[in-house]
Amino acid sequence: MRKCDLVVNLSEHEAFGRTVVEAISCGAYPVVLDGSGPAEIVNATGVGKVIESVEDLEGFLISLCGPGGMVKLDELFRDRAHWPDAVDQFAARSVGERYAAALKSFA
């Protein structure tokens, strides 16, 4: 993923979306379907594009390749240096701590 500008995850039933966390961590811009675990991660981090349907992918990619496409890519990656911070909430340590705290609350 480190060599990719975009990572497209069109899974309709992926519960968590670990590939999106990994893509953002590697500096690749995720494109995902709405209503899925990957979309929740894009929304939570503020990094990526959520599309309504598979058919919308073509239009999004064409917009990046058309006139001004490079400018649009630059806009997508403008805050790339902050992406690792955006996905830190999904790091194993962070998730583990929240999970442990939730379990302790039942004790």
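The legends below describe several views of a predicted model.

**Figure 1. The whole chain, with six helices and three strands.**
Read along the sequence, the elements follow the pattern β-α-β-α-β-α-α-α-α. The C-alpha trace spans about 60 × 30 × 20 Å along its principal axes. Of the 107 residues of the protein, 33% count as buried. The accessible surface comes to about 6,700 Å², and carbon and sulfur atoms hold 57% of this area. Among the contacts with a separation of 6 or more, 38% join residues that are 24 or more positions apart.

**Figure 2. Helix H2 and the elements it packs against.**
Helix H2 covers residues 37-45. Which residues of H2 are buried? They are Gly37, Pro38, Ala39, Ile41, Val42 and Thr45. These buried residues pack against three strands, namely E1 (6-9), E2 (29-33) and E3, and against helices H1 (18-26) and H5 (83-87). Gly46 follows H2, and the phi angle of Gly46 is positive, near 75 degrees.

**Figure 3. Val31 and the residues around it.**
Val31 is found in strand E2. The relative accessibility of Val31 is 0%, so Val31 counts as buried; the cut-off for a buried residue is under 20%. Leaving aside residues up to four places away in sequence, Val31 touches Val7, Val8, Asn9, Lys49, Ile51, Leu57 and Phe60. Asp56 is 25 residues from Val31 in sequence, and their C-alpha atoms are 11 Å apart in space.

**Figure 4. A salt bridge within helix H1, between Glu22 and Arg18.**
The structure holds two salt bridges, and this view shows one of them. The side chains of Glu22 and Arg18 meet with an N to O distance of 3.8 Å. Both residues lie in helix H1, four residues apart, which is about one turn of the helix. An α-helix has 3.6 residues a turn, so residues three or four places apart point the same way. Glu22 has a relative accessible area of 35% and is therefore partly exposed. Arg18, at 36%, is also partly exposed.

**Figure 5. The salt bridge between Asp88 and Arg93.**
How far apart are the closest N and O atoms of Asp88 and Arg93? The distance is 3.2 Å. Side chains of opposite charge can pair when their charged atoms come close. Asp88 is partly exposed, with a relative accessible area of 34%. Arg93 is partly exposed too, with a value of 47%.

**Figure 6. A patch of negative charge on the surface.**
Which residues gather in this patch? They are Asp34, Glu52, Glu55 and Asp56. Glu52 lies in the loop between strand E3 (49-51) and helix H3 (54-65). The relative accessibility of Glu52 is 58%, so Glu52 counts as exposed; the cut-off for an exposed residue is over 50%. Over the whole protein there are 10 positive and 16 negative charges, and the mean positions of the two groups are 9 Å apart.

**Figure 7. Gly96 in helix H6, viewed together with Asp34.**
Helix H6 covers residues 92-105, and Gly96 lies in this helix. Gly96 has a relative accessible area of 36% and is therefore partly exposed. Gly96 and Asp34 are 62 residues apart along the chain. Their C-alpha atoms are separated by 26 Å.

**Figure 8. A nonpolar patch on the surface, formed by Tyr99, Leu103 and Phe106.**
Together these three residues have about 410 Å² of accessible area. Where does Phe106 lie? Phe106 lies in the segment after H6. Is Phe106 buried or exposed? Phe106 counts as exposed because its relative accessibility is 72%. The C-alpha atoms of Phe106 and Pro67 are separated by 56 Å, and the two residues are 39 residues apart along the chain.

How values were computed. Residues are numbered from 1 along each chain as its sequence is written. This is a predicted model: local features need pLDDT of at least 70, side-chain atom pairs count only at pLDDT 80 or more; totals for chains, interfaces and linings use all residues. Side-chain values use heavy atoms; hydrogens and water are left out. Patches are made of residues with over 30% relative accessible area and no salt bridge: like charges are joined within 9 Å, nonpolar side chains (Val, Leu, Ile, Met, Phe, Trp, Tyr) within 5 Å. Accessible areas come from the Shrake-Rupley method with a 1.4 Å probe; for residues, only the protein chains shown count as cover. A salt bridge is a side-chain nitrogen of Lys or Arg within 4 Å of a carboxyl oxygen of Asp or Glu. Lys and Arg count as positive and Asp and Glu as negative; His and the chain ends are not counted. The place of a charge is taken as NZ of Lys, CZ of Arg, CG of Asp or CD of Glu. Helices (H or I, at least four residues) and strands (E, at least two) are DSSP runs, numbered from the N terminus. Buried means under 20% relative accessible area, exposed over 50%, partly exposed in between (1.4 Å probe, protein chains only). Contact means heavy atoms within 4.5 Å.
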